[in-house]
Amino acid sequence: DGATLPIRKRTMVAFCVKGGIFSEGIDLKGDALIGAIIVGNGLPQVCTERKILKDYFDEEGKGFDYAYKYPGVNKVFQAAGRVIRTAEDVGIVVLLEDRFLEMEYQKLFPKEWQYYTVVNEVNVGEAVAEFWEEFK
């Protein structure tokens, strides 16, 4: 009969794979996506192509970096980039991987990521509440 259903704002949690369809081509502006929890450093699987790349760049001492680390970090950046699409967007990106605290990973991060909070199961709730309080 042409009746329209009322639009209700709901909370949704989605689970996606880094490098999958969600990592590119979806534009969730505003508060359509306010956070991402990125599990792991995105290292690609071992395969013949990666071995060839690693062997080639091992001559420079950077074989693992070019074959695995850099492609993995790029996947992390793509996933994090889903949260902040415009200058007005606000959101939280959680990186669940201890290696992200190592300097060799931090040197790869954009300068905007220099301010972060290390959280654990004890302080995560407080840290998230403080973040959102700042943007009320």
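**Exercise 1. Asp-98 and Gly-40**

Asp-98 sits in the loop between strand 2 and helix 3 (103–106). Your task: is Asp-98 buried or exposed, and how many Å apart in space are Asp-98 and Gly-40, C-alpha to C-alpha?

Before you start, note that this is a predicted model, in which local features need pLDDT of at least 70 and side-chain atom pairs count only at pLDDT 80 or more, while totals for chains, interfaces and linings use all residues. Residues are numbered from 1 along each chain as its sequence is written, and side-chain values use heavy atoms, with hydrogens and water left out.

*Solution.*
- Step 1: Helices (H or I, at least four residues) and strands (E, at least two) are DSSP runs, numbered from the N terminus.
- Step 2: Asp-98 has 64% relative accessibility and therefore counts as exposed; the cut-offs are under 20% relative accessible area for buried, over 50% for exposed, and partly exposed in between (1.4 Å probe, protein chains only).
- Step 3: Gly-40 belongs to the loop between strand 1 and helix 1, and its relative accessible area of 13% makes Gly-40 buried.
- Step 4: Along the sequence, Asp-98 and Gly-40 are 58 residues apart, yet their C-alpha atoms are 8.7 Å apart in space.
- Step 5: Gly-40 and Val-76 give a second pair to try: 36 residues separate them along the chain, and 8.4 Å lies between their C-alpha atoms.
- Step 6: Leaving aside neighbours within four places in sequence, Gly-40 is in contact with Lys-18, Val-76, Leu-96, Glu-97 and Phe-100, where contact means heavy atoms within 4.5 Å.

**Exercise 2. The chain as a whole**

How many helices and strands does the chain have, and what pattern does the chain follow along the sequence?

*Solution.*
- Step 1: Counting the elements gives four helices and two strands.
- Step 2: Reading along the sequence, you find β-α-α-β-α-α.
- Step 3: Of the 136 residues in the chain, 23% are buried.
- Step 4: Now take the contacts between residues at least 6 apart in sequence: 65% of these join residues at least 24 apart.

**Exercise 3. Two helices that meet**

At roughly what angle do the axes of helix 1 and helix 2 cross, and which residues of helix 1 meet helix 2?

*Solution.*
- Step 1: Two packed helices are described by the angle between their axes and the distance between the axes.
- Step 2: Find helix 1 at residues 48–57 and helix 2 at residues 63–80; their axes come within 5 Å and cross at roughly 135 degrees. The axes are lines fitted to C-alpha atoms over the stretch in contact, with angles from 0 to 180 degrees between N-to-C directions.
- Step 3: Helix 1 and helix 2 are therefore oblique to each other (under 35 degrees is roughly parallel, over 145 roughly antiparallel, 65 to 115 roughly perpendicular, the rest oblique).
- Step 4: From helix 1, Arg-50, Lys-51, Leu-53, Lys-54 and Phe-57 take part, meeting Gly-63, Phe-64, Tyr-66, Ala-67, Tyr-68 and Pro-71 of helix 2.

**Exercise 4. The core and Asn-41**

Which element gives the most residues to the largest nonpolar core, and is Asn-41 buried or exposed?

*Solution.*
- Step 1: The largest nonpolar core has eleven residues, including Leu-33, Ile-38, Val-73, Phe-100 and Tyr-105. Such a core is a set of buried Ala, Val, Leu, Ile, Met, Phe, Trp, Tyr and Cys residues joined through side-chain atoms within 4.5 Å.
- Step 2: At least two residues of this core come from strand 1 (35–39), and at least two from helix 2.
- Step 3: Helix 2 gives the most, with four residues.
- Step 4: Follow Val-73 outward: not counting residues up to four places away in sequence, Val-73 touches Asn-41, Tyr-105 and Leu-108.
- Step 5: Asn-41 lies in the loop between strand 1 and helix 1 and counts as buried because its relative accessibility is 5%.
- Step 6: The side chains of Asn-41 and Tyr-105 are joined by a polar contact of 3.1 Å. A polar contact is a pair of N or O atoms within 3.5 Å; within protein, one must be able to donate a hydrogen and the other to accept it, and residues adjacent in sequence count only if both atoms are side-chain atoms.

**Exercise 5. Two arginines in one loop**

Which backbone oxygen lies 3.3 Å from a polar atom of the side chain of Arg-82, and which lies 3.2 Å from one of Arg-85?

*Solution.*
- Step 1: Arg-82 is in the loop between helix 2 and strand 2 (92–96), and Arg-85 is found in the loop between helix 2 and strand 2.
- Step 2: For Arg-82 the backbone oxygen is that of Gln-78; for Arg-85 it is that of Gly-81.
- Step 3: Arg-82 is buried, with a relative accessible area of 9%, whereas Arg-85 is partly exposed, at 34%.
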